[in-house]
Amino acid sequence: MESDDCLFCRIVRGDIPADVVAEGELWVAFRDIQPQAPVHVLIIPRRHVDSIGELKEGDASLAGELLIAAAEVARLEDVDESGYRVVTNVGERAGQSVFHLHVHVLGGRRMRWPPG
Ligand code: AMP
């Protein structure tokens with residue numbers, strides 16, 4: 001999908017409002033509009049990438065930054081000690097509904113395993 005039509009690219013550009021909790025040079029973190037836990041934040045790269053399935057070798061720093069951002073968000077949201085889950089869905093069958101890479105950070109409640 002081209003970035004003009006992409007919901008999360010529009011959030012990055014500021015065309016659509018979002019409840020931003022943190023930002024980095026390469027990423028933006030904002031609250032999920034339909035939270036599945038007391039803390040539910042999405043971290044997205046500023047650059048359009050469909051999913052982690054599209055990441056190439058040259059994207060190693062971006063991939064790492066997203067995980068470091070997840071830990072930072074967990075600290076900011078005060079779930080770093082109580083525990084949290086970091087998830088990224090790849091493909092419709094795995095539950096991906098927005099095809100701009102995003103990492104979910106979920107916390108504030110007990111998580112079950114395996115996920116549905
Ligand atoms: P996924 O199903 O893994 O692709 O996750 C997409 C997530 O984006 C879902 O949890 C949605 O609730 C969330 N979402 C969709 N639109 C928005 C929006 N405008 N602002 C914040 N979160 C959104």
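1. Let's start at the ligand. A backbone N or O atom of V98 sits 3.0 Å from one of the ligand's oxygen atoms. Keep in mind as you read on that this is a predicted model.

2. Two side chains also come up to ligand oxygen. For N89, a side-chain N or O atom is 2.8 Å from an oxygen atom of the ligand. H102 gives a distance of 2.8 Å too, again from an N or O atom in its side chain to an oxygen atom of the ligand. In total, 16 residues surround the ligand, and the closest are D32, N89, G95, S97 and H104.

3. Next, the largest pocket. Its volume comes out at about 850 Å³. The lining takes in 34 residues, with D32, Q36, H40, N89 and H104 lying nearest the centre. Five elements each give two or more residues to that lining: helix α1 (7-13) and the strands β2 (27-31), β3 (39-45), β4 (84-87) and β5 (103-107). As for chemistry, the lining splits into 18 nonpolar, 10 polar and 6 charged residues. If you compare the two lists, D32, N89 and H104 are named among the residues closest to the ligand and also among those nearest the pocket centre.

4. Back to H102, since it has a second partner. This residue is in the loop between β4 and β5. A polar atom of the H102 side chain lies 2.7 Å from the backbone oxygen of H100, while an N or O atom of that side chain is 2.8 Å from a ligand oxygen. Is H102 buried or exposed? H102 counts as buried, because its relative accessibility is 5% and the cut-off for buried is under 20%.

5. H100 deserves a look of its own. Like H102, H100 belongs to the loop between β4 and β5. Its relative accessible area is 0%, so H100 is buried. Besides the backbone contact with H102, H100 uses its side chain for a polar contact with the side chain of H48, at 3.3 Å.

6. Which residue of helix α1 sits 7.7 Å from H100, C-alpha to C-alpha? That would be C9, which lies in α1 and is 91 residues away from H100 in sequence. C9 counts as buried because its relative accessibility is 5%.

7. The aromatic count is quick: 1 pair. The partners are F8 and F30, set edge-to-face, with 5.4 Å between the centres and 80° between the planes. The pair ties together distant parts of the chain, as F8 is in helix α1 and F30 in strand β2, 22 residues apart. Both rings belong to buried residues: F8 has a relative accessible area of 6%, and F30 has 3%.

8. F30 also gives a handy reference point for P17. You'll find P17 in the loop between α1 and β1 (20-23). The C-alpha atoms of P17 and F30 are 9.9 Å apart, with the two positions 13 residues apart in sequence numbering. Their surroundings contrast: P17 is exposed, at 75% relative accessible area, whereas F30 is buried at 3%.

9. Now the loop between α2 (60-76) and β4, which holds V79 and also D78. What is unusual about the backbone of D78? Phi there is near 65°, a positive value in a residue other than glycine. Most residues other than glycine have a negative phi. D78 is exposed, because its relative accessible area is 61% and exposed means over 50%.

10. V79, right beside D78 in the numbering, goes the other way. With 3% relative accessibility, V79 counts as buried. V79 and G107 are 28 residues apart along the chain, yet 6.0 Å separates their C-alpha atoms. G107 falls within the β5 range, 103-107.

11. One last thing to check by eye is the peptide bond between W113 and P114. That bond is cis, with omega at about 5°. Most peptide bonds are trans. P114 itself lies in the segment after β5.

Notes:
Residues are numbered from 1 along each chain as its sequence is written. This is a predicted model: local features need pLDDT of at least 70, side-chain atom pairs count only at pLDDT 80 or more; totals for chains, interfaces and linings use all residues. Side-chain values use heavy atoms; hydrogens and water are left out. On a 1 Å grid over the protein atoms alone, a cavity is a set of points where a 1.4 Å probe fits but cannot get out, and a pocket is an open set with protein on both sides within 12 Å along at least five of seven lines; lining residues have an atom within 4 Å of a point. Grid points are joined across faces, edges and corners, and a volume is the space filled by probe spheres set on the points. Helices (H or I, at least four residues) and strands (E, at least two) are DSSP runs, numbered from the N terminus. Ala, Val, Leu, Ile, Met, Phe, Trp, Tyr, Cys and Pro count as nonpolar, Asp, Glu, Lys and Arg as charged, and the others, Gly among them, as polar. Buried means under 20% relative accessible area, exposed over 50%, partly exposed in between (1.4 Å probe, protein chains only). Rings of Phe, Tyr and Trp (its six-membered ring) pair if their centres lie within 6.5 Å; planes under 30 degrees apart count as stacked, over 60 as edge-to-face and the rest as tilted. A residue is near a molecule or strand if one of its heavy atoms lies within 4 Å of it. A polar contact is a pair of N or O atoms within 3.5 Å; within protein, one must be able to donate a hydrogen and the other to accept it, and residues adjacent in sequence count only if both atoms are side-chain atoms.
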